[in-house]
Amino acid sequence: MATAAIASAGRAASPSSPPARRGRSTKRRPGSRLKARNTLVGWTFVLPNFIGFAVLTLVPVLILFYVSFTTWNVFGTAKWIGIANYTRMLADRSYHVALLNTVYYAAVHIPLTLACSLALALLLNRRLRGMAFFRTVAFFPYITSIVAIAVVWNMLFSPQYGPINQFLHAIGVQNAPGWTTSATWSMPAVIIVGTWREMGYYMLLFLAGLQTVPAELHEAARMDGANAWQRFRNVTMPCLRPTTFFVTVMLTIGSFKVFDLILVMTNGGPGQSTLVLSQYIYQKGFGENQFGYASAVAVSLFLICILVTIYQFLVNKRRDR
Amino acid sequence: MAVVTAGARVTRRRPWGVAGRVLGYCALIVAAAAVLLPFVWMVISSLKSNNQVFTIPLQWIPNPVRWSNFIDIWTKADMGTWLKNTLVLSVAVTFLQVLTGSFAAYGFSRTRFPGRDVLFLAYVGTIAVPWQSYMIPQFILFSKLHLSNTLWSIVALQAFAAFGVFLMKQYFESIPEELSEAARIDGLSEYGIYWRIMLPLSVPAIASLTLLTFTNTWNDYLGPLIYLRSPEIWTIQLGLRSFISQYNAEYALIMAGSVLSVLPIALIFMLGQRHFVQGIATTGLKG
């Protein structure tokens, strides 16, 4: 199937290009013929993947903006209603809740995961026995399925008999939290699981970044009498800047789009205490068939992610100077 | 390419001091235990009888060990079908992703044509665009193409991800241009260079991409949730989820199902963990 796709893409590209090439080659130097040939070859390499990518990703992104200005359900056709979806969104209480919850999740999850993954990376960045084992362990949650993880954690968090609250009782906590059954504690529970799951992945990025910190700088700082904390502040952190930046961008996007973890752990509940933007899009779109309104919410998510990323790029650029 | 090898950077460290080393190990062991605890709990619960799962105090060693949960789940749930569907999907997606991804990566890293950089920028730009934001128009599109509620929808969804292009491009650029230049002089076409020179030299990157894509497709929950409605085409994640809501008090059985859904990935990860680590360290992305 794949080879067929490539062959057809090759055929699709060739009829348009060779005539143009032949037409031009009469007046131009052989160099430009080579250039046209290179173009053709380049496109045939890129096209098989790009066609799939364009149709399945780029086109939907463009349609998104259109749909957000319409009413549309699965069976009907789109009807243009201008900015009605957006005005409705601004007044929608549930949307506000979802937005606030998403910001809550991001505001706690981003710094927590940054701190945990950096600490793990620093711990593991040593020449000691068994480091490969610990690295494997830390990364393992990230590659296991979210459904299995969610069900296990829900059992661990079980308020009465769950191991976590049993442990809390054992160390003398009187009113152990109700975790996923309580509106106040459900979000912290989800954040704990999210951090637990993702820190191994960001740790790998930090570990890769730490390899680029020149050992001579550490040596020199030590000679000058800098202690471990000063070396971390003044040598490691500045050298890690590109990595930290990249990790922060990825973490931010990841936090704003958080979805599957919440869907399987709490399904937004109890009440609306863990309802997040992605889930609201899903509910409105696939639950209630309001594709137009759901798309307006999706546009807001899209814009948040893009704007935050651009902002982070600008801040990073200014710090570079 | 930044390869993570813990501690490869310093030839000789100053003596850490026994205390520091012990402290470091203690911290690591505590962290490792905390990370692994949910999995340990999953496995021991899957070997208990149902009313032994939640006991006060906690029973850490199942007594008696009940292997029967792992037999019962096959009769109570359609595990066979789900695993088969998931396997078929994962293999198909991985194959397409590696093939088209590496092909496109060659185009982006080794050929020059107008518009190349703009195209690549389009790929890069999608990193900042969450799938959740365009899942609805994509669903509309797939429905019009009559792809929804077929396994093809998941293949289409996953097979052309930008990730494969990034990873392969990054790796191709670390291979010396002189090699392909020499082959070109010897008369090999660009396709020949791709197939006979670049691919054989990129086995580590291909291994990374294969493992990451396979894992990703295996674990995907949202794509199947939206597109696969009929139970006979469910994947293991969807099946497990429906099993959980259907038998929500059968804790031991649920844990057995969870173990079965994690096990193949755990095995693959143990065997190829080096490739996972390198793939992520190279691109800084997952699939």
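Biologist: How many residue pairs are in polar contact between chain B and chain A?
Modeller: Eleven, counting pairs with both residues at pLDDT 80 or more. Keep in mind that this is a predicted model.

Biologist: And how many salt bridges between chain B and chain A?
Modeller: Zero.

Biologist: Which part of chain B gives the largest share of the side that touches chain A?
Modeller: Helix α1 of chain B, residues 18–46, with 16 residues.

Biologist: What does that side of chain B have by class?
Modeller: There are 74 nonpolar residues, along with 22 polar and ten charged ones.

Biologist: How many residues are in contact, on each chain?
Modeller: On chain B, 106 residues, and on chain A, 99.

Biologist: What area do the two chains bury between them?
Modeller: About 9,300 Å², and 77% of that is on carbon and sulfur atoms. I quote an area because interface size is often given as the accessible area lost when the parts come together.

Biologist: Changing topic. Where does Val190(A) lie?
Modeller: In helix α9 of chain A, which covers residues 186–210.

Biologist: Is Val190(A) buried or exposed, and why?
Modeller: Val190(A) counts as buried because its relative accessibility is 0%, and the cut-off for buried is under 20%.

Biologist: Which residues does Val190(A) touch, leaving out those up to four places away in sequence?
Modeller: Tyr105(A), Leu261(A), Ile262(A), Met265(A), Thr266(A) and Thr274(A).

Biologist: What about Gly254(A): how many residues apart in sequence is it from Val190(A), and what is the spacing in space?
Modeller: Gly254(A) and Val190(A) are 64 residues apart in sequence, and their C-alpha atoms are 14 Å apart.

Methods. Residues numbered from 1 in each chain as written. Chains lettered and ligands numbered in written order. Predicted model: local features only at pLDDT ≥ 70, side-chain atom pairs only at ≥ 80, totals over all residues. Heavy atoms only, no water. Contact = heavy atoms within 4.5 Å. Buried area = accessible area lost by both parts, 1.4 Å probe. Salt bridge = Lys/Arg side-chain N within 4 Å of Asp/Glu carboxyl O. Polar contact = N/O pair within 3.5 Å; in protein donor to acceptor, adjacent residues only side chain to side chain. Helix = DSSP H or I, 4+ residues; strand = E, 2+ residues; numbered from the N terminus. Nonpolar A, V, L, I, M, F, W, Y, C, P; charged D, E, K, R; others polar. Buried < 20%, exposed > 50% of the residue type's maximum accessible area, 1.4 Å probe, protein only.
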